[in-house]
Amino acid sequence: MTEQQGGLVRPEATTGDAAEIARTLYGITAEAVELGSNQDRNFALTEGDGTRSVLRIDNPVFGDAARVAQHAALDAYRAAGVAVAAVLPGLDGALTQRWRGLAVRRSEFATGEPMVDAGYFAPTVLREFGALAAESVLALAPLAHEGLDRGCDGPGSVWDMRRAHEMTLRLAPAILDDELRERVIDAANLAFTALAPVTAALPVQAIHGDLTDDNVMGERGADSRLHPRTVLDLGDLAYGWRVAELAVTASSLLHHEPERPLRVLDAIGAFHARAPLSAAEARAVWPLVVLRASLLVASGWRQIEIDGGNAYARDRIAGEQAIFDAATRHPLAEATESVLARLGFTGVPSGDGLRLVAVPAGPTGDARPGQPLASLLPGLSGEVAIIDAGVESAALDSGKWLEGDAEQVLVDAAFADGAAAAVLPYGVYRLTRTATDAADAAATWPANTVLHLAPGDEQRVAAPVDATVAEAGPNALLLELAGGWLLGISGISPSVERGAAVPAAAPLGTVAATTGVRIITIGVRRPDAMPLTEAHFASPQLVVPELAPTWRRFAPDPAPLLGLPALAQRDESDDELARRTRIFASAQERYYAEPMQIERGWRHHLVDTTGRSYVDIVNNVSGIGHAHPAVADAVDRQIRILNTNSRFLYRELAEYSERLLATLPPAVREGRDGRDGLDTVLLVNSGSEAVDLAIRLAQAATGRKTVIALREAYHGWTMASDAVTTSAYDNPYALESRPDWIHIADVPNRFRGTYRGAADDLAVGARYSADLGADLAALAAAGRDAAGFICESVLGNAGGVLLPEGYLPDAYDRVHGAGGLCIADEVQVGFGRMGTSFWGFEQSGAVPDIITIAKPMGNGFPIGGVITSKRVADALSQQGQFFSTAGGNAVSCRVGIAVLDAMRDEQLQQNAALVGGHLADGFRALAEKHDVIGHVHGEGLYLGVELVRDRTTFEPATAEASAICERLRELGVIVLTTSERSNVLKVKPPLCLTVESADFVLAQLDRVLSTGW
């Protein structure tokens, strides 16, 4: 049996042969199942007691020297702490056995799960793969052995990346798809050309050669993700370029999210951090990735051609093409520069390294023009307006950025103010190009500067600096500047020809006189950046945020040449995180492992500083939507007139209080069954303060101290509101650390609690309320009569779990019968969020004595409040006067009125019912498809998607929930976890959420649950 051109035919062996080998050479009785391989025969052996091992029958082209080298490599890996499967000796003690003239080895079975079919890899997993590749080269670096030298045409040399281009061209004829074959050859040729200048500088050492997701076993971590652990299959161990180890690993990661190939930069960065790359190696990474991908495709087709029965090879074809498509998704120069940018290399290619070059500078000294754009348009007179189309632009409030002509509106406004020119600057992330309800970030970062000239006379165009005309077209010029930089100018009529030397201020052409706006686009390019055409300079050349660091190197800011201010932006979220970390306490929470920097909101969308938008389905604080103009106008108008404390007399306080009382059901407002109506409002600044005040009111009105709180509840952070907060998730020691005046009652969670059942099962609620009655009796017997009972009207902290039918009215009756007062905490679930009712307690038909509210009252403005009866409120005077400095101030009240107006005018409660029902139906449909969804809780736009590992035991999928939130963030959805077990996705968006955005959320959750997290 011999090696055919570019492929190997596997040895002939059956599962029966494998079982016989196991018995005769290793003394074990085992069942054999064949595993896949391109060139050898591999079998999983399972003995009667369940012990497993792997039997490998080597292709006969490989000699004993190669096997000895592999055994030495295993020793080197173990010495370095890299997990590998040991080779097991046969009955005679030898590691290599012989069967029918073939070499046979048996290895430990590597426990874990295969990585190759694991779907999406999170950033931490990608980094671990890169680190593993680094550990591999570090462990193998000292290894030297004759068996590592495969020779030019030795067995297995097809996978030596030093020969990848040659082998790709040799094997490409086997690709029967003509278009694919041409793409593979073209990509391989381009990569080979890019690689040629650095090959002599690439270090050579022993490398694994095939350290891929297919040759690493994974282990589930505490985060529920599969992490790379055990290295397998040293069949391609040989001398090779050190950087090839990284390139092979990186290429294998591409198919896990092929539409986002640059995510593997995380792996490349992790390798570099552990085993630093030289400039030559860094330049070689992506060309080698492309060559590896090209070779995979060509070899896969060739393997099928010579070994048509190899199901393993046939099954790999689609995955190998996905790798190739991902490797070539970005132009090679762009991908290579992205690698250099991520690793922190600076300079332009020079020989086998990089050299620093100065970016083009503008005129200096006497030659420096006196006003912006004078170096390019010396005859321009009048103001030059810099247009702010950025994420934080004040001119794009109230959703103006979503209009298709938003940029033109800004330009027209500048002209209306008398500007002669309006500049949309280079490098400022454009909010006007942000896409909403999008899984991928839009192209928002402009690599060119765009000038809009007001209608008028002909304008002369001059050379900003000394230059040579590289190209001249009918509407554009390409100038070569000092240092080889290229300056493109589009939108002019050139008057110079190719090859002409033009000193600074020399004429280049004109901009014609017109009655309409004229547009000139200017960009600077590195000559090695990309193939340049007029199209590169005829638009802003917008790129997606992840490519902004790359294009900043390819295309520096032309502002110095034009006399404009340098305004270019970069993603500063890492800097902002470091800044916050320095000044924050460890107890202060932050969302996400790798947080984005949010600087804008509109309705149910949030936008980060790069112009990437997210659907916000967690922010119930902005109940009527982010940046609502009515709220902004209310603050602006009132704070210009008056903002003082509630001891002064002003109409806003009473007006807002009356509006709040009007939202109550008549039975609550007027009272029933001998209970007082709720007719009094006390305003504070937050939900915590509201709960704190409610507790004081209950204690003052009853003359008692004891307050009953439910287990697993969250009510706030002040001394009193924290006392009734019993959630062990927020405080692991909550239950044992409550003050002695708190009594903790069982939480009526019909999904996870002591008693479980359907929502309409009256017996469930009756049993919980009976237990509460027993608690009340026991407290009375102990001389600790209850002052009050506090409960969320819907269990918000649990994820929107609806109370059992009949529980709340019965619980309230029992508390009233014991002489206590009932506090409805509506901070999270009230204010129209239920859809079918304005208040959460209306869902149960119960009537509280005290209501606490906060979050949505001010739509992000700090307002909190308590609604109760005058009798209860007046009891507070026994403890002195009540006063909150900012509570109920004129601005807060005016904001509160604006919120209520918007809820009425925009029918937001009705929208909560409509969109909430649609969203809940969608989540339940996903539950039919994905077992990890155990239950969908809630009503309206307070929903909870409970994730479980087992629908029978309800084991919470806590780690999975956290990881799912991280992946959803990548896909443009902001959602977080809640509940005692932190396994519920809390869905409580602004009430203006649309059906379209709800469908986007459902689609992305389906994508994550289908492809991994």
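Begin by selecting E712 and R711, whose side chains are joined by a polar contact of 3.1 Å. The model on display is predicted. E712 sits in the loop that lies between β32 (706-710) and α19 (719-723). Although it belongs to a loop, E712 is buried, with a relative accessible area of 13%.

Next, display the surroundings of E712. With neighbours within four places in sequence left aside, its contacts are T726, S727, V747, N797, E980 and R981. Select V747 from this group. Along the sequence, V747 and E712 are 35 residues apart, yet the distance from C-alpha to C-alpha is 6.9 Å.

**The whole chain**

Now zoom out to the entire protein chain. The C-alpha trace spans about 100 × 95 × 45 Å along its principal axes. A cartoon representation will show 26 helices and 42 strands. Of the 1013 residues in the chain, 58% are buried. The accessible surface comes to about 39300 Å², and carbon and sulfur atoms hold 51% of that area. Among contacts with a separation of 6 or more, 74% are between residues 24 or more positions apart.

**An open sheet and the helix packed on it**

Select residues 933-939, which form β38, and residues 976-978, which form β41. These are the edge strands of an open sheet, and each of them pairs on one side only. The sheet has four strands in the order β38-β39-β42-β41, with antiparallel pairing. In general, the strands of a sheet pair through backbone hydrogen bonds, either parallel or antiparallel. From one strand to the next, the twist averages 30 degrees.

Add residues 984-987 to the selection to see strand β42, which runs antiparallel to β41 and is joined to it by three bridges. To inspect one bridge, pick T978, whose partner in β42 is V984. Then show residues 958-970, helix α25, which packs on the sheet. This helix touches β39 (942-947), β41 and β42, and its direction makes about 155 degrees with that of β41.

**Three strands linked by hairpins**

Move to residues 476-480, strand β21. Is this strand enclosed or open to the outside? Four of its five residues are buried, so β21 is largely enclosed by the rest of the structure.

On one pairing, select residues 467-472, strand β20, which runs antiparallel to β21 and is joined to it by four bridges. Within this pair, E471 has L478 of β21 as its bridge partner. A hairpin of three residues connects β20 to β21.

For the other pairing, select residues 486-490, strand β22, which pairs with β21 in the antiparallel sense over five bridges. Here L477 stands opposite I489 of β22. The hairpin between β21 and β22 has five residues between the strands. Pick G483 in that turn: its phi is positive, about 85 degrees.

**The buried face of a helix**

Select residues 629-639, helix α15, and highlight V631, A634 and Q638, which are buried. Turn the view to look down the helix axis: the buried residues of α15 fall within an arc of 60 degrees, so they line one face of the helix. What covers these buried residues? The cover includes α16 (651-662) and α23 (890-905), which may be displayed next.

**A buried glutamate in a helix**

Go to residues 332-343, helix α10, and pick E337. This residue is buried, with a relative accessible area of 3%. Show the side chain of R553 as well, because a polar contact of 2.8 Å joins it to the side chain of E337. Not counting residues up to four places away in sequence, E337 touches G347, R526, T550, R553 and F554.

**A last stop in strand β2**

Finish by selecting residues 41-47, strand β2, in which N42 is found. Is N42 buried or exposed? It is buried, with a relative accessible area of 10%. Display its contacts beyond the neighbours within four places in sequence: V33, E34, L35, G36, S37, L55 and R56.

Note on methods:
Residues are numbered from 1 along each chain as its sequence is written. This is a predicted model: local features need pLDDT of at least 70, side-chain atom pairs count only at pLDDT 80 or more; totals for chains, interfaces and linings use all residues. Side-chain values use heavy atoms; hydrogens and water are left out. Two strands pair if DSSP finds at least two bridges between them. Helices (H or I, at least four residues) and strands (E, at least two) are DSSP runs, numbered from the N terminus. Axes are lines fitted to C-alpha atoms, for helices over the stretch in contact, and angles run from 0 to 180 degrees between N-to-C directions. Contact means heavy atoms within 4.5 Å. Buried means under 20% relative accessible area, exposed over 50%, partly exposed in between (1.4 Å probe, protein chains only). The arc is that of the directions from the helix axis to the C-beta atoms. Accessible areas come from the Shrake-Rupley method with a 1.4 Å probe; for residues, only the protein chains shown count as cover. A polar contact is a pair of N or O atoms within 3.5 Å; within protein, one must be able to donate a hydrogen and the other to accept it, and residues adjacent in sequence count only if both atoms are side-chain atoms.
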